[in-house]
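Open the structure in your viewer and keep the selection panel at hand. Each stop below gives something to select and then says what is there.

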Amino acid sequence: MATGLHAPILDWYAENARDLPWRRPDAGPWAILVSEIMLQQTPVVRVLPVWDEWMRRWPTPAALAAEPPGEAVRHWGRLGYPRRALNLHACARAITAEHGGRVPSSYESLRALPGVGDYTAAAVASFAFGGSHAVLDTNVRRVLARAVRGEEYPPKATTTAERKLAESLLPPLDAPRWAVAVMELGALVCTARAPRCADCPVAAACAWRLAGRPAYQGPERRGQTYAGTDRQCRGRLLAVLREAHGAVPKAALDVVWDDAVQRERALDGLVADGLAEALPDDAYRLPA
DNA sequence: TAGCCGTGGCA
DNA sequence: TTGCCAAGGCT
């Protein structure tokens, strides 16, 4: 069904694809894995400089595995969700210890790595190894919701119906190219807020556009406030540890957040998550 | 499974 | 200005 989407989207991609370094022929599986984890919930433009630095510093899983986890956290910078840095470090050590230093190629082996879920396993298996998998990220889900289901947004959690649909659309040849093309269409044209239907290669067949672009009907899409949350507090504390290069007296952490109760809770959380380490004499540092 | 986990740009 | 959102994953 809906295979009429293939040619227009693939042709559009051939003309409009961005030249991203992890898409180049010389990008190996490790470079692609690093990019995919960095790109989780994070815009391309913010990933580019950090990915460049990581690839120079740690060109192989073994190079990263040889470092303490805190170095991964330090060089994560302000990308956000810093446990991804820890996950990538754990990936590097698992790949070194269990896979001979080479990123595994099967979906199942990839899915078993820390921080690698359904999307990332399918993406790496496809883009690094040429596998044929339904790659369901937020872009693909939105494009299919609109073009096929006629709805402005996909449901909050991925449904089996979405997966069935995506699998039914897998082309017999070059599934990875199809996956990246749909993702790119969602990222550049079929965007969440102001879709550019005038530039869309499948506008004529799009169920949502043909229905008059009806507004989203489903349950409210929660927007979470950030100011004053534990997440913001954790971010402030970790920023101090990242920039310190060594032990930080607790007093230096106290000054970045006023609410002492929340600050203690956040600091304990960072330690529990392995993002920080408590030292004797009321000091903290990135994990060694 | 719903809530949590960072950060910054943009409409 | 502020809410929304960005190649999700984990519990």
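The tour of this predicted model goes from an annotated span to the two DNA strands and ends at one helix.

**Stop 1: residues 38-188.** Select this span and colour it. The UniProt annotation, from an unreviewed entry, labels residues 38-188 "domain: HhH-GPD". The span is 62% helix and 0% strand, and its end C-alpha atoms lie 19 Å apart.

**Stop 2: DNA strand C.** Show the residues around this strand. There are 27 of them, and the closest are Glu-36, Leu-39, Gly-117, Thr-120 and Asn-139. Of the atoms of DNA strand C that come within 4 Å of the protein, 66% belong to sugar and phosphate. By class, this surface has 10 nonpolar, eight polar and nine charged residues.

Now pick out single contacts. Which part of DNA strand C lies 2.9 Å from a polar side-chain atom of Trp-22? It is a base nitrogen. At Gly-115, a polar backbone atom is 3.1 Å from a phosphate oxygen of DNA strand C. Asn-139 places a polar side-chain atom 2.9 Å from a sugar or linking oxygen of the strand. Select helices H8 (118-127), H9 (138-149) and H11 (175-188) as well: these are the elements that give two or more residues to the surface near DNA strand C.

**Stop 3: DNA strand B.** Move to the other strand. Here 15 residues surround DNA strand B, with Arg-46, Arg-78, Pro-82, Arg-234 and Gly-235 the closest. Sugar and phosphate make up 56% of the atoms of DNA strand B that come within 4 Å of the protein. The surface near this strand divides into four nonpolar, five polar and six charged residues.

Two contacts involve bases. A backbone N or O atom of Gln-41 lies 3.4 Å from a base nitrogen of DNA strand B, and an N or O atom in the side chain of Thr-42 is 3.3 Å from a base nitrogen of the strand. At Arg-234, a polar side-chain atom lies 2.3 Å from a phosphate oxygen of DNA strand B.

**Stop 4: helix H13.** Which element gives the most to the surface near DNA strand B? It is H13, with three residues. Select residues 230-244 to see this helix, which has 15 residues and reaches 21 Å from its first C-alpha to its last. Its buried residues include Cys-233, Leu-237, Leu-241 and Arg-242. Among the elements that the buried residues of H13 pack against are helix H5 (69-76), helix H15 (260-272) and strand S3 (283-285). Finish at His-245, just after H13, where phi is positive at about 55°.

Note on methods. Residues numbered from 1 in each chain as written. Chains lettered and ligands numbered in written order. Predicted model: local features only at pLDDT ≥ 70, side-chain atom pairs only at ≥ 80, totals over all residues. Heavy atoms only, no water. Near = heavy atom within 4 Å. Polar contact = N/O pair within 3.5 Å; in protein donor to acceptor, adjacent residues only side chain to side chain. Helix = DSSP H or I, 4+ residues; strand = E, 2+ residues; numbered from the N terminus. Nonpolar A, V, L, I, M, F, W, Y, C, P; charged D, E, K, R; others polar. Expected span 1.5 Å × (residues − 1). Buried < 20%, exposed > 50% of the residue type's maximum accessible area, 1.4 Å probe, protein only. Contact = heavy atoms within 4.5 Å. UniProt positions renumbered as here; feature names shortened; annotations may be inferred.
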